Amino acid sequence: MYLDLLAALESSWLGHVGRHSAWLYTAANLLHVLGAAFVVGGIAVFDLKVLAEHGKHAWQAGRYAIPLAATGLALQIPTGMLLLAVEARALGTNPAFYVKLAFIALGLINVALFHARFGSALRAGALPPEARAYALVSLLAWIVTLLAGRMIAYL
Amino acid sequence: MMKYPLFGLFFSGALLTGGIAVAHHGWGSYDAGRLVSITSNIQQANWENPHVMVVVAHENKNWDAVLAPPFRMSARGLNPDMIKPGTSVRLEGYPSTRTETEIRAERIVVGGKSYELR
């Protein structure tokens, strides 16, 4: 099922265009690095603010850092799909890619739970101390995601 | 370090990930200690991302040679017409440690001119 999906992605129009356009593939590569910097950078600034001041004033950083991270994620999804489509069957079964997917899932679940639990407290400037656990998980999840992504080329 | 718990956290993170950085010695697994030289006509060429690939004959076998990404190939002055099937080329590269008949080409000599690929 998963392998069929990878094969379909690889033989799709996206895969074909990715393999044959030197410019598009190179642009996707460049933007995927930029998007990673936005995601990890934006998230790290916010997480550090949550950790450092026990959640006080976290929204001061969050109102800039969260849109930056979201912009990064918006870059990562289309560029990542293109980069994957080029060699989906090989990349999709790379051990580092599995690690990357697992930590993306952890990061997304973590951010969804954080905002569900503390969204209004965050905007009111009164994050409770237990919010710090989410900041730690977030830092770990997105840093490992970035490192695992880069490791794909070496495994 | 107790005074700066965040510094401590990142410092230990850096130590931990430093181990991964050490393993960062090149893509795939190629034996950089053994340079293989192949002179052959091109049997087949795929000018595609992520790397241009050609098939060449060497010691009665077909070998896959991984060249550079198309963008770099063009930047170094190569184009698809220069490596069409039937063209005589010389390739120098490192053999794969996983696939017996594969090399990662460091340079290609075509039309009397040598092009560096790394």
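Here is an informal set of questions and answers about this predicted model of chains A and B.

Reader: How are residues, chains and ligands numbered or lettered, and what pLDDT do local features need?
Author: Residues count from 1 along each chain as its sequence is written, while chains are lettered from A and ligands numbered from 1 in the order in which they are written. This is a predicted model, where totals for chains, interfaces and linings use all residues, side-chain atom pairs count only at pLDDT 80 or more, and local features need pLDDT of at least 70.

Reader: What ipTM does the predictor give the complex?
Author: Two scores come with the complex. The pTM is 0.84, and the ipTM is 0.83.

Reader: Over which residues of chain B is the pLDDT below 50?
Author: pLDDT is the predictor's confidence in each residue, from 0 to 100. Chain B has a mean of 86, with 76% of its residues at 70 or more. One stretch with four contacts beyond near neighbours in sequence (a contact is two C-beta atoms, placed from the backbone, within 7 Å) has pLDDT below 50, and that is residues 18-26 of chain B. Where pLDDT is low, the predicted coordinates should not be read in detail.

Reader: What pattern does chain A follow along the sequence?
Author: Helices (H or I, at least four residues) and strands (E, at least two) are DSSP runs, numbered from the N terminus. Chain A has seven helices and zero strands, and its C-alpha trace spans about 50 × 30 × 25 Å along the principal axes. Read along the sequence, the pattern is α-α-α-α-α-α-α.

Reader: Which helix gives the most to the largest nonpolar core?
Author: A nonpolar core is a set of buried Ala, Val, Leu, Ile, Met, Phe, Trp, Tyr and Cys residues joined through C-beta atoms within 7 Å. Buried is 20 or more other C-beta atoms within 10 Å of a residue's own, exposed is 12 or fewer, and partly exposed is in between, with C-beta atoms placed from the backbone. The largest core has 21 residues, with Val39(A) and Val50(A) touching the most other members; H3 (22-52), H4 (58-86), H6 (95-123) and H7 (131-151) of chain A each supply at least two residues. The top contributor, with seven residues, is H3(A).

Reader: What does Val50(A) touch, leaving out residues up to four places away in sequence?
Author: Val50(A) is one of the two residues that touch the most other members of the largest core. Leaving out those sequence neighbours, the list is Gly55(A), Ala58(A), Leu127(A), Ala131(A), Arg132(A) and Ala135(A).

Reader: How far apart in space are Pro95(A) and Ala148(A), C-alpha to C-alpha?
Author: Pro95(A) lies in helix H6 of chain A and counts as exposed, with 11 C-beta neighbours inside 10 Å. Pro95(A) and Ala148(A) are 53 residues apart in sequence, yet the C-alpha to C-alpha distance is 8.9 Å.

Reader: In the parallel or antiparallel sense, how do E3(B) and E5(B) pair?
Author: Strands pair if DSSP finds at least two bridges between them. E2 (residues 53-58) and E3 (residues 61-66) of chain B run antiparallel over six bridges, and Val56(B) has Trp63(B) as its bridge partner. On E3(B), Ala65(B) stands opposite Ile103(B) in E5(B). E3(B) and E5 (residues 102-110) have three bridges, and their sense is parallel.

Reader: Which residue in E4(B) is the bridge partner of Ser37(B)?
Author: E1 (residues 36-46) of chain B runs antiparallel to E4 (residues 88-95), joined by six bridges. E1(B) also runs antiparallel to E2(B), through four bridges, and there Ala45(B) stands opposite Val54(B). Back in E4(B), the partner of Ser37(B) is Glu92(B).

Reader: Which residue does a cis peptide bond join to Asn49(B)?
Author: E1(B) and E2(B) form a hairpin with six residues between them. The loop between E1 and E2 of chain B holds a proline. The cis bond, with omega about 0°, joins Asn49(B) to Pro50(B).

Reader: What positive phi does Asn60(B) have?
Author: Glu59(B) and Asn60(B) both lie in the loop between E2 and E3 of chain B. Glu59(B) is exposed, with 8 other C-beta atoms within 10 Å, and Asn60(B) counts as exposed with 5. Neither is a glycine. Glu59(B) has a positive phi of about 50°, and for Asn60(B) the value is about 60°.
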